[in-house]
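Colleague: I am new to this structure and would like to learn how to read it step by step. Could you take me through it feature by feature?

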Amino acid sequence: MRKLTHLQRLEAESIHIFREVVAECENPVMLYSIGKDSAVLLHLALKAFWPGPPPFPLLHVDTGWKFREMIAFRDRMARELNLNLLVHMNPEGLAQGVGPFTHGSAVHTDVMKTQALKQALDAGGFDAAFGGARRDEEKSRAKERVFSFRSARHQWDPKNQRPELWSLYNARKARGESIRVFPLSNWTELDIWQYIHLEEIPIVPLYFAAKRPVVERDGALIMVDDERMPLRPGEEPELRSVRFRTLGCYPLTGAVESTATTLPEILQEMLLSTSSERQGRVIDRDSIGSMERKKQEGYF
Amino acid sequence: MAPNADLISADLGAYLKLHEEKDLLRFIACGSVDDGKSTLIGRLLYESKALFEDQLSALETESKKFGTQGENLDFALLVDGLSAEREQGITIDVAYRFFSTDRRKFIVADTPGHEQYTRNMATGASTADLAILLIDARRGVLPQTRRHSLIVSMLGVKRVALAVNKMDLVDWSQARFEEIRREYEAFAADLGFTEIQAIPVSALRGDNIMIPSLATPWHDGPTLLGYLESVPVDSGLQALPFRMAVQRVARPNLDFRGFCGRIASGVVRPGDRVRAMPSGVESRVREIVVYRDSRPDAVAGESVTLTLEDEIDVSRGDVLCAVERPAEAADRFLTRLLWMAPEPLQPGRDYLLKIGTRTVTATIGAPRYKIDVNTQARLAAEKLELNEIGVCEALLDRAIAFERYDGSREMGGFILIDRLTNATIAMGLIDEPLNRPGVQPGQRVDRAARAGLKGQRPAALWITGPSAERGSELAQALERGLLARGRHSMSLAEEDLRGSGEEGFRAAVEALKLMADAGLIVVAALPSPRKAERLLARDRMAEGEFVEIFLEGLETGAGYEAPEAPEIRLEAAETSPDQAAARVLAFLEARRIIP
């Protein structure tokens with residue numbers, strides 16, 4: 001009798017989901033956002049279809065404001081793993097120079113992420129899109145299905161979700177409709193980190209602490225990643241030892257001060273910081289910030 | 001259970017190892033808000049330190065503002081107030097919540113308790129290893145407790161934690177607790193639970209949730225979290241014979257042909273002989289491929305890729321089985337259905353049925369009965385409405401490999417899909433196959449056995465009326481209708497008469513009886529103007545098998561005696577042959593002659 005650990009059960013479930021979609025959908029795609037959840041998603045896709053490559057392309061919706069290290073990491077992974085990587089940037093947004101500093105985060109996110117994603121999905125004619133969202137991320141997600149249906153106009157009807165029984169997924173849909181599929185639905189943030197550690201999955205170096213130029217703005221530590229960031233009066237970038245718990249557009253992503261330079265140290269920080277959070281002393285600004293960011297993304 | 005800060009600091013490697021070795025328990029929490037379910041779930045999240053600081057500080061603020069618990073934290077606010085969906089009135093849905101202790105990770109299906117959300121509870125129960133049934137100590141076992149118990153037991157949950165809540169409001173009375181426990185155990189005796197663990201708790205105060213309560217020195221059982229942490233999660237699936245539904249065939253290059261799937265039960269090793277069902281072809285496992293590794297074995301629950309020694313024809317939907325104990329295959333089943341769509345079940349209509357990795361077409365018969373979810377009483381029913389549970393026959397367009405649901409959720413649970421809307425409209429459980437009844441030694445193969453194989457009952461559809469031409473049109477329309485439903489029919493017409501007069505007629509009636517004995521539905525359009533002739537035919541058939549169809553309203557020729565009490569009367573002038581045939585088919589369904 002061999003006992004499966006929680007990570008082994010989660011992994012088996014995710015692989016099963018990947019294979020069901022490929023078996024039942026005509027033209028799937030995987031949304032690749034370069035972060036840690038995408039890293040796990042990609043790793044599971046590689047496992048699910050080994051020894052072949054994942055039988056679908058990866059799609060990165062580039063807002064033009066990602067950390068430079070993210071783009072470098074993305075291109076390195078695509079090269080090393082010989083991935084079919086599609087990169088899409090909203091051409092109209094680009095032409096109008098839409099960005100978080102000039103247009104605000106809401107407009108930027110809508111034009112460069114949400115609209116761009118719809119453009120890319122329509123252009124590719126994709127009928128299923130894998131995403132790395134987890135149910136523990138946000139409370140509205142706690143009720144979303146693994147197979148989440150979208151109308152031809154990409155709209156979600158939360159009141160009309162299909163029941164999901166056992167591991168039987170109904171992937172049938174009318175022409176023009178599509179499915180967002182979330183193989184990581186039952187993973188938690190801790191599961192993700194443990195799995196990255198256990199499977200030695202490569203992740204963007206920004207997750208590890210290093211001296212980086214940051215300014216403190218509206219209570220968050222924002223990294224000055226390139227010369228496009230206008231500094232406010234009195235703001236002077238200073239080198240501080242920071243890392244990121246989530247990754248997105250650099251002007252919208254807060255860093256945390258940290259000295260964790262290895263995965264065990266990150267896990268240690270996480271486990272200890274949640275215990276200090278539990279004791280109710282320190283407000284973890286990053287977890288609030290990241291949650292808001294996830295909502296803003298409006299990806300799914 | 002407390003955060004192991006010392007170990008985290010001192011020996012991180014050991015601590016991480018501990019967390020990696022955790023197993024997973026999925027459970028469903030049943031009860032209504034009134035019972036304190038939200039409070040209980042909030043309390044579990046809190047005690048297991050699953051709450052983040054922002055959630056907790058928000059809870060403190062909200063408890064002071066809106067709480068009903070004075071200075072204390074009001075955990076109900078935590079769960080009830082989590083989602084904007086609740087404000088929009090869609091509290092009907094299953095929410096999944098996560099927490100973990102040092103020993104286990106838990107996934108809670110948080111399901112609504114009201115009867116109109118039965119389908120949501122069933123969804124949550126379908127993946128649960130255990131159910132927490134919440135009872136208000138003041139109110140005891142209620143109809144809803146029985147309903148929740150019936151649903152989780154139907155879905156195959158074997159262990160129940162009976163959380164008798166609000167014990168503080170009955171002064172921690174052991175007598176009250178024992179009374180509730182006895183009442184529940186008596187009620188649940190027939191539900192097939194292997195274990196019922198009753199625990200006196202106060203979710204609000206935290207008594208017996210994680211820490212044993214000082215108020216219940218008489219309780220020698222575990223706390224709720226203690227029980228959740230220690231109950232075996234092994235479902236026994238590894239001890240069952242090997243089964244794996246093939247999800248896809250991987251052919252990345254000419255040298256590799258792998259069968260991908262998640263193992264439903266048993267263990268598989270290289271060298272094992274396997275049989276693909278329902279086709280029955282056999283081979284031997286060459287290699288178990290899991291990513292870059294070649295594995296010495298794989299067990300129930302794992303997703304793997306198998307390569308086989310021989311080039312056999314296996315594709316998605318087939319089930320690879322241990323050759324010494326393969327799965328059965330059948331195309332006709334007795335099933336329990338839970339209807340999940342606003343449009344009721346239409347008996348006789350075709351639906352898509354997905355089981356494992358196979359999707360087939362299924363005709364669902366009229367319910368034999370439905371089950372009252374509150375009392376378990378069997379009620380007569382002609383259809384199934386939203387949230388109703390009924391027992392129906394399912395006739396598939398081809399044979400599938402299966403297990404009975406009580407032996408395997410993966411191999412015995414299915415969903416029905418509407419062909420037009422693509423909606424998932426029902427969940428179903430296979431109770432037993434019907435098409436190959438076990439043959440007893442010395443059993444006489446009779447007409448019922450022959451008809452059963454055809455998924456029908458024998459019958460004579462005797463068309464009578466003054467116009468032979470209209471009768472023969474109806475006969476043809478009827479046979480087309482039966483053929484379209486996959487039923488076996490035979491026709492008997494005037495040109496089949498051998499000999500003339502009464503002798504010829506009697507010979508035809510004997511042929512009719514023989515064909516019925518073969519299990520067929522015989523459509524007879526023979527000239528029989530006299531009542532006595534039709535009575536002769538009726539007498540040769542068994543009770544309920546003779547269906548006299550009177551095409552009336554036409555000009556009656558000389559000597560035609562109209563029937564007084566035909567089974568079906570059709571107004572010939574107003575009815576086309578196809579309309580008339582549809583009415584007859586509906587009658588046959590109602591009589592259970594066809595499904």
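Modeller: What follows is a short tour of the contact between chains, the salt bridges, the cysteines and a helix, with the reminder that this is a predicted model.

Colleague: Where should I begin with the two chains, and how many residues of chain B are in contact with chain A?

Modeller: A careful reading begins with the residues on both sides, and here 85 residues of chain B are in contact with 73 residues of chain A. The area buried between chain B and chain A is about 7000 Å², and carbon and sulfur atoms give 58% of that area.

Colleague: How many salt bridges and polar contacts are counted between chain B and chain A?

Modeller: The count between these chains is nine salt bridges, and the rule also finds 28 residue pairs in polar contact across the interface. On the side of chain B that touches chain A, the largest share, five residues, comes from helix H2 (residues 12-20) of chain B. A salt bridge to look up is that of Glu20(A) with Lys354(B), whose closest N and O atoms are 2.9 Å apart.

Colleague: What should I make of Arg262(B), and which side chain of opposite charge is nearest to it?

Modeller: Arg262(B), which lies in strand E9 (residues 256-265) of chain B, is buried yet has no salt bridge, and the nearest side chain of opposite charge, that of Glu410(B), is 4.0 Å away. The side chain of Arg262(B) does make a polar contact with the side chain of Ser167(A), at 3.0 Å. Arg262(B) touches residues of both chains, among them Ala12(A), Glu13(A) and His16(A) as well as Met244(B), Gly301(B) and Glu302(B).

Colleague: Within chain B, which parts does the salt bridge between Asp418(B) and Arg349(B) link?

Modeller: In that pair the closest N and O atoms are 3.1 Å apart, and the link joins distant parts of the chain: Asp418(B) is in the loop between strands E23 and E24 of chain B, while Arg349(B) is in the loop between strands E17 and E18 of chain B, 69 residues apart. Asp418(B) counts as buried because its relative accessibility is 8%, whereas Arg349(B), at 27%, is partly exposed.

Colleague: Are the partners Glu548(B) and Arg538(B) buried or partly exposed?

Modeller: Glu548(B) is buried, with a relative accessible area of 6%, and Arg538(B) is partly exposed at 25%. These two form a salt bridge with the closest N and O atoms 2.9 Å apart. Because Glu548(B) lies in strand E28 and Arg538(B) in helix H15 of chain B, the pair ties together parts that are 10 residues apart in sequence.

Colleague: How many disulfides does the rule count over all chains, and why is Cys25(A) not in one?

Modeller: A disulfide is a covalent bond between the sulfur atoms of two cysteines. The count over all chains is zero. The sulfur of Cys25(A) is not in such a bond because the closest cysteine sulfur, in Cys260(B), is 16 Å away, which is too far. The sulfur of Cys321(B) is likewise too far for a bond, with its closest cysteine sulfur, also in Cys260(B), 17 Å away. Cys321(B) is buried, with a relative accessible area of 0%.

Colleague: Finally, how many residues of helix H7 of chain B are buried?

Modeller: Helix H7 (residues 118-125) of chain B is mostly covered, with seven of its eight residues buried, including Thr118(B), Asn120(B) and Met121(B).

Key
Residues numbered from 1 in each chain as written. Chains lettered and ligands numbered in written order. Predicted model: local features only at pLDDT ≥ 70, side-chain atom pairs only at ≥ 80, totals over all residues. Heavy atoms only, no water. Helix = DSSP H or I, 4+ residues; strand = E, 2+ residues; numbered from the N terminus. Buried < 20%, exposed > 50% of the residue type's maximum accessible area, 1.4 Å probe, protein only. Lys, Arg positive; Asp, Glu negative; His and termini not counted. Polar contact = N/O pair within 3.5 Å; in protein donor to acceptor, adjacent residues only side chain to side chain. Contact = heavy atoms within 4.5 Å. Disulfide = S-S within 2.5 Å. Buried area = accessible area lost by both parts, 1.4 Å probe. Lists of a residue's contacts leave out its neighbours within four places in sequence.
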